Amino acid sequence: MTKALFKKQMMEVFSWIYKDRKTGKNRSSKGIIGYAVFNLLIFIFLGGIFYSVSNMLCTPLFKADIGWMYFAIMGLIAVAMGVFGSVFNTFSSLYQAKDNDLLLSMPIPPSRILTVRLFGVFTMGLMYELIVIIPAIIVFFKNAHANLLGIIFTLVIPIILSLFVLTLSCILGWVVALVNSRLKNKSMITVIISLAFIAAYYYLYSQAYNMLQKILANPQEIGNRIKVVLYPLYHMGLAAQGNILSMLIFTLIIVALFAAVYLILSKSFLKLATANRSTSKAKYKQKSLKAVSKEQALLLKELRRFTGSPTYMLNCGLGTVFMPVAAVAFLVKGNYLNELMLELFGDERDIAVLISLAAICMIATMNDITAASVSLEGKNLWILKAYPISAAQVLKAKVKLSLLLTLPPALILTVCAQIALKPNLPMIIIMPIIVIAFVLLLSLAGLALNLKMPNLNWTNETIPVKQGLPVMLTLFGGWLFVFALGVIYFVLSKFVSPLVFMLCVSVLLILMSALMIMWLKKKGTKILESL
């Protein structure tokens, strides 16, 4: 029975290799090999990045006679990578497993089910951890002189470290489950947490080189801090150099921490596995309903669909978040931008306005909401068509939502760019016109593409949102359109001033939007009715 449970758990862990998420069916042998090779190349690429980091740290730290610090730093990165890759798998495996009731109804001890599930999380964490640890070990064997015990301990350390990753993943997974059970608007919280991860990633990425330089400039000082704050990793570093006592201390600390977490989980697993956190008692409250027009009702329906899906918001609405960030950057770095533009273009400040306008439009393309809005109706499209509303009203509501979420932040960003760059009056007038026309055209084009290439038979909403061709065409097509306009201006710059070029672009965008509206009214409505 235990062997069958382990086999089942490993099939779940590695289902991303052999199961096609689009159809829910198993891939062919060639598909499995191709997908496995593709992911292996991604892991090799990531491993190459950590190999470079290891190369930068290894020799200087060993020359300073603090080689333990090399393993402590790389171990910390490996732990972070492992936890990031397995924490949500912990949440779904332990606290949201759909087969808990089935397994608990069988003559299987709950402790055995828990052990098997934890082994799956352990495997996932180890896989992500090895992306960091393997390059670190290769660099260590290449650049440092390791003794026999150091080599043996270095090969054993990844397994013990993965146990630490499992411990942290269990703790954080429990926190995620607790938060998830107490919150009402879980979709919005998921988006906020995801955006926090994105912000943290970009911050760490931008500061990574400076952090490494500080470590190399003050290794002794930072090493003393690591000894206190990251005591287990300090002994892990010493163990990798062949210190038997440190290997015992490191192992005992990690095993003790895991044992404590496992004891707590084993006592509460049955309650967690049988708890139904997704339902709550509804209390009837009498309240009046406010009648709204068909247009308002459709717009509210589109808004609820958007805010009810973290995947939809994160993949098709990031521009709404990034544009205010860019606006603040324009205000904060306004003086620096002015100096930079003066140095690059001299008195030709209108070119700086063109560049900023192109940047605003590029960020706006991240809001490709309409490009997935038809597909997301899925098999429930017939319900929408059964309502006493026209197809034109449905399409209009989808465009309205896109404009509502994109135009306000885009215009705020435009105003902040104007404050920072201080263009002349004609430029001040024409900039928002171009932004409005571009955002309108982008929304209309995304809707038209989705009507021409709908996917109503998806099994997971990530398919039309993340992998849908209309979404990709809208995003990259918008970038390509902006780039093409830049090339055209570069060719015509000797004959046309920036202001005249902007006037021509605004007219072009308005004409294209008008043509797109006509197409949607005539052919777009017929396509929607025929779906």
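This is a short viewer tour of a predicted model, going from the whole chain to a salt-bridge network, a lone glutamate and a pair of helices.

**Stop 1: the whole protein**

Start with everything shown as cartoon. You should see 23 helices and zero strands. Now colour by burial: of the 531 residues, 41% are buried. If you like contact maps, take those contacts with a separation of 6 or more; 83% of them join residues 24 or more positions apart. Switch on the surface too. Its accessible area is about 29,200 Å², and carbon and sulfur atoms contribute 70% of that.

**Stop 2: the salt-bridge network**

How many salt bridges does a search of the whole structure find? The count is four. For this stop, select Lys-301, Glu-302, Glu-377 and Lys-398 and show them as sticks.

Begin with the neighbours in sequence. Lys-301 and Glu-302 form a salt bridge, with their closest N and O atoms 3.3 Å apart. Check how covered each one is: Glu-302 is buried because its relative accessibility is 4%, under the 20% cut-off. Lys-301 is partly exposed, at 26%.

Stay on Lys-301 and look across to Glu-377. Here the closest N and O atoms of the salt bridge are 2.4 Å apart. This pair links distant parts of the chain: Lys-301 sits in helix α12 (residues 294–307), while Glu-377 is in the loop between α17 (370–373) and α18 (381–386), 76 residues away. Glu-377 is a buried residue, with a relative accessible area of 11%.

Now go back to Glu-302 and follow its side chain to Lys-398, where the two meet in another salt bridge, 2.9 Å from N to O. Glu-302 belongs to helix α12 and Lys-398 to helix α19 (residues 391–421), so this pair ties together parts that lie 96 residues apart in sequence. Lys-398 is buried as well, at 2% relative accessibility. Put the pieces together and you have one network, in which salt bridges with shared partners join Lys-301, Glu-302, Glu-377 and Lys-398.

**Stop 3: Glu-129**

Next, select Glu-129, in helix α6 (residues 110–143). Is this glutamate buried or exposed? Glu-129 counts as buried, with a relative accessibility of 0%. To see what surrounds this residue, leave out anything up to four places away in sequence and show what Glu-129 touches: Ala-78, Gly-82, Pro-158, Leu-161, Ser-162 and Val-165.

**Stop 4: helices α22 and α23**

Finish towards the end of the chain. Select α22 (residues 469–492) and α23 (residues 498–530), whose axes come within 11 Å and cross at roughly 145 degrees. Turn the view until one helix lies over the other, and you'll be looking at a right-handed crossing.

Which residues meet here? On the α22 side, show Phe-481, Leu-485, Ile-488 and Tyr-489. On the α23 side, add Pro-498, Phe-501, Val-505, Leu-508, Leu-509 and Met-512. Colour this contact by residue class and you get 10 nonpolar residues, no polar ones and no charged ones.

How values were computed:
Residues are numbered from 1 along each chain as its sequence is written. This is a predicted model: local features need pLDDT of at least 70, side-chain atom pairs count only at pLDDT 80 or more; totals for chains, interfaces and linings use all residues. Side-chain values use heavy atoms; hydrogens and water are left out. Axes are lines fitted to C-alpha atoms, for helices over the stretch in contact, and angles run from 0 to 180 degrees between N-to-C directions. Helices (H or I, at least four residues) and strands (E, at least two) are DSSP runs, numbered from the N terminus. A crossing is left-handed if the near helix is turned anticlockwise from the far one by less than a right angle, and right-handed if clockwise. Contact means heavy atoms within 4.5 Å. Ala, Val, Leu, Ile, Met, Phe, Trp, Tyr, Cys and Pro count as nonpolar, Asp, Glu, Lys and Arg as charged, and the others, Gly among them, as polar. Buried means under 20% relative accessible area, exposed over 50%, partly exposed in between (1.4 Å probe, protein chains only). Accessible areas come from the Shrake-Rupley method with a 1.4 Å probe; for residues, only the protein chains shown count as cover.
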